[in-house]
Amino acid sequence: MNRLWETLIKAFSWACGIILLGAISCIIGYLFMKGAGVIRLDLIFGDTPPLDAILLKRQVLDGLFPAMAGTFFLVCFSVFTALPLGLAAGIYMSEYAGGSIRRVFSFSFDILAGIPSIVIGLFGFSIAVFLHRHFSDRIFPCLLISGLSLAFLVLPYIIRTTQLSLETLPARTRLTALALGATRFQNIRYVLVPQSLSGILSGVVLAVGRCAEDTAVIMLTGAVAMAGVPQSLLSSYEALPFYIYYISSQYTNPHELATGYGASIILLGICTFLFLAAFMIQKGLARRALYYP
Amino acid sequence: MNRQFEKTAEMVLFLPALLSVILTLAIFVFMLVFGLPLMKGGRFFELITGSWSPGHGMYGIQPMIMGTMAIASLSVFFAFPLSMGCASLISVLAPRGFSTFLRHTVRLMTGVPTVIYGFVGIFLLVPIIRELFQNGSGFCILSASLMLALLISPTMILVFMESFDRVPKSYLDAADALGGTPVQKLVYVIIPQARQGIWMGVILSMGRSLGDTLIALMLAGNAIATPGSVLDSVRTLTAHIALVIASDYESLEFKSVFACGLILYGFNALIIVMLRYVESKGTQ
């Protein structure tokens with residue numbers, strides 16, 4: 001290979017790195033340039049005193065608080081639904097499953113993980129239609145349906161991170177308790193799960209981020225532009241990512257658009273925070289904090 | 001009693017796993033059952049090759065399939081060289097400090113919400129494309145696939161990077177001992193060794209861009225037409241689902257979204273099978 005090619009390849013790689021960094025800083029820079037001015041407390045709470053809004057004494061009409069509350073409830077509901085199922089399935093896959101069951105199950109989890117979120121949303125929507133026709137007229141696309149659909153969306157992530165963090169434990173950790181006479185389940189309960197806690201936890205935090213940012217699922221299953229703070233599981237609700245999508249096509253004045261930029265910055269902040277948290281946890285900070293008090 | 005408990009524990013852990021498998025199947029079955037009225041009498045083929053004209057009772061989703069293909073392949077086409085360059089930079093060419101910085105930035109980029117790419121795309125990228133080409137509104141295949149390329153690059157870079165880093169150190173030492181420069185090491189040792197990982201990265205990101213909704217929905221313009229150039233506006237399968245669902249759900253028009261869902265499900269299954277195939281090739 002001659003000098004020229006070598007220089008060209010080097011230049012190409014550096015150009016790629018610079019393009020990537022440039023593009024992402026353009027996006028974030030543009031967002032902040034347009035939206036930094038509106039990041040104030042009244043972006044979230046409007047004219048309502050913050051304390052009244054948080055205690056649900058008064059409705060917030062022109063702020064992002066209902067959307068943030070909607071996203072919060074949504075994330076809590078779906079992660080708490082997906083977590084027990086995902087943990088159990090992950091532990092089963094890593095510790096019990098063998099032979100053809102293991103092959104079939106892991107193939108189907110791969111498929112589940114890859115299903116586009118809009119298809120999961122469509123599935124949630126058809127469940128709502130199905131329930132509406134056959135069980136109760138009161139069921140429409142709502143917080144409950146969205147939460148369930150999002151739980152389906154993150155379930156394979158939780159299964160996979162649980163399975164992976166259990167499987168990567170060293171054989172020494174895996175065998176000690178068994179050699180001392182512990183049963184299989186005791187080994188899982190007292191040794192394997194606590195030891196892989198940081199891996200599992202960081203997977204959960206990433207799942208939270210996935211729930212918070214996903215728009216395709218919720219736009220089919222009940223997110224609306226104006227609903228206030230959700231009153232029950234069966235009501236429609238607002239959510240931060242849907243609000244951003246809605247504003248991008250339906251804004252009527254510069255003020256609304258500015259709110260859209262503000263909402264984007266808040267969502268970006270939440271997701272970045274969750275991402276960093278997952279990273280820190282993986283680095284083992286959390287294991288020390290949670291398991292060795 | 002202890003044995004009994006062990007059995008119960010295994011059962012309790014088994015059921016959620018089984019439930020998740022059933023869920024995977026249930027999604028497929030739901031799409032099939034709800035979409036059936038449109039596919040009865042062997043009209044499935046007609047459905048995926050026909051054109052869209054609800055006024056004439058034609059609900060073919062061929063334009064959406066073409067739109068999806070166009071945007072997904074173009075975005076992979078943009079993202080591939082970019083990701084190769086960045087992965088080489090991170091793994092081999094850049095000095096340690098910059099490499100670490102880039103690595104963390106790329107990781108962080110995987111966490112940026114899709115809707116934000118779309119939002120900024122509308123107000124930043126689309127006007128630029130419109131001014132640059134002086135052709136139409138700027139909402140077109142090119143805008144969507146450029147943004148999508150940025151969305152899938154981090155995933156691709158991470159997969160490439162990991163496969164670059166897996167190349168055995170002894171191979172690199174051998175190249176060093178022969179007096180190879182970093183670029184020679186990259187081109188003659190690392191990239192050939194990492195071929196499997198490169199394939200997997202490309203297939204994986206192809207899957208992501210086929211399934212992405214928000215970017216295409218917000219940036220591609222959503223016109224139902226078979227694309228003729230990259231500046232044409234198209235509607236993807238995913239965007240079609242999102243847009244039609246707003247209309248009433250008894251019409252035949254509405255049933256077509258389940259056909260879209262089925263096709264997307266099929267694409268995804270195909271991607272997974274391809275990934276498995278590439279993976280098994282490498283371990284032999």
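Across the interface of domain 1 and domain 2 of chain B, one residue pair in polar contact is found, with both partners at pLDDT 80 or more. The model is a predicted one, and the picture below is drawn from its atoms. No salt bridge accompanies that polar pair, the count between domain 1 of chain B and domain 2 of chain B being zero. On the domain 1 side, two elements each supply two or more residues to the surface touching domain 2 of chain B, namely helix 1 (2-39) and helix 2 (44-49) of chain B. Helix 1 of chain B provides the largest share, with ten residues. By residue class, this side of domain 1 of chain B is made up of ten nonpolar residues and two polar ones, with no charged residue.

The bounds behind this comparison come from the domain assignment of chain B, which places domain 1 at 2-49 and domain 2 at 63-283. Taken over C-alpha atoms, the centres of domain 1 of chain B and domain 2 of chain B are separated by 28 Å. Contact between them involves twelve residues of domain 1 of chain B and ten residues of domain 2 of chain B. Together, domain 1 of chain B and domain 2 of chain B bury about 1,100 Å² between them, and carbon and sulfur atoms give 87% of that area. Within domain 1 of chain B, the residues that lose the most area to domain 2 of chain B are M31(B), F34(B) and L38(B), which together make up 44% of what that side buries.

It helps to step back to the whole of chain B. Twelve helices and two strands are present in chain B, and their order along the sequence is α-α-β-β-α-α-α-α-α-α-α-α-α-α. Along the principal axes, the C-alpha atoms of chain B fill a box of roughly 75 × 70 × 30 Å. Chain A, for its part, has 14 helices and zero strands, so to speak a run of α-α-α-α-α-α-α-α-α-α-α-α-α-α from the N terminus on. The box filled by the C-alpha atoms of chain A is roughly 70 × 70 × 40 Å, again taken along the principal axes.

The record annotations can be laid over these helices. In an unreviewed entry, UniProt lists "domain: ABC transmembrane type-1" for residues 68-278 of chain A. Over residues 68-278 of chain A, the chain is 79% helix and 0% strand, with the end C-alpha atoms 21 Å apart. The unreviewed UniProt entry also places the feature "transmembrane region" at residues 12-33, 64-91, 111-132, 139-159, 188-209, 216-237 and 257-281 of chain A. Among these spans, residues 12-33 of chain A are 100% helix and 0% strand, and their end C-alpha atoms lie 30 Å apart. Residues 257-281 of chain A are likewise 100% helix and 0% strand, with 36 Å between the end C-alpha atoms.

For chain B, UniProt (unreviewed entry) lists "transmembrane region" at residues 12-36, 64-94, 106-129, 141-161 and 257-278. Residues 141-161 of chain B are 100% helix and 0% strand, and the end C-alpha atoms are 29 Å apart. Over residues 257-278 of chain B, the chain is also 100% helix and 0% strand, with end C-alpha atoms 32 Å apart.

Finally, the two chains meet each other. In this interface, 77 residues of chain A are in contact with 83 residues of chain B. About 7,100 Å² is buried between chain A and chain B, 82% of it on carbon and sulfur atoms. Eight residue pairs in polar contact are counted between chain A and chain B, with both residues at pLDDT 80 or more. Helix 1 (residues 3-35) of chain A gives the largest share of the side of chain A that touches chain B, at 17 residues. That side of chain A divides into 57 nonpolar, 14 polar and six charged residues.

One salt bridge is counted between chain A and chain B. This salt bridge links R276(B) with D110(A), and the closest N and O atoms are 2.8 Å apart. The side chains of D110(A) and R276(B) are also joined by a polar contact of 2.8 Å. D110(A) sits in helix 5 (residues 99-114) of chain A. Apart from its neighbours within four places in sequence, D110(A) is in contact with R160(A), I272(B) and R276(B).

Notes:
Residues are numbered from 1 along each chain as its sequence is written. Chains are lettered from A and ligands numbered from 1 in the order in which they are written. Side-chain values use heavy atoms; hydrogens and water are left out. UniProt positions are given in the numbering used here, feature names are shortened, and annotations may be inferred rather than shown by experiment. Helices (H or I, at least four residues) and strands (E, at least two) are DSSP runs, numbered from the N terminus. Domain bounds come from an automatic or database domain assignment. Contact means heavy atoms within 4.5 Å. Buried area is the accessible area (1.4 Å probe) that two parts lose on being put together, summed over both. A salt bridge is a side-chain nitrogen of Lys or Arg within 4 Å of a carboxyl oxygen of Asp or Glu. A polar contact is a pair of N or O atoms within 3.5 Å; within protein, one must be able to donate a hydrogen and the other to accept it, and residues adjacent in sequence count only if both atoms are side-chain atoms. Ala, Val, Leu, Ile, Met, Phe, Trp, Tyr, Cys and Pro count as nonpolar, Asp, Glu, Lys and Arg as charged, and the others, Gly among them, as polar.
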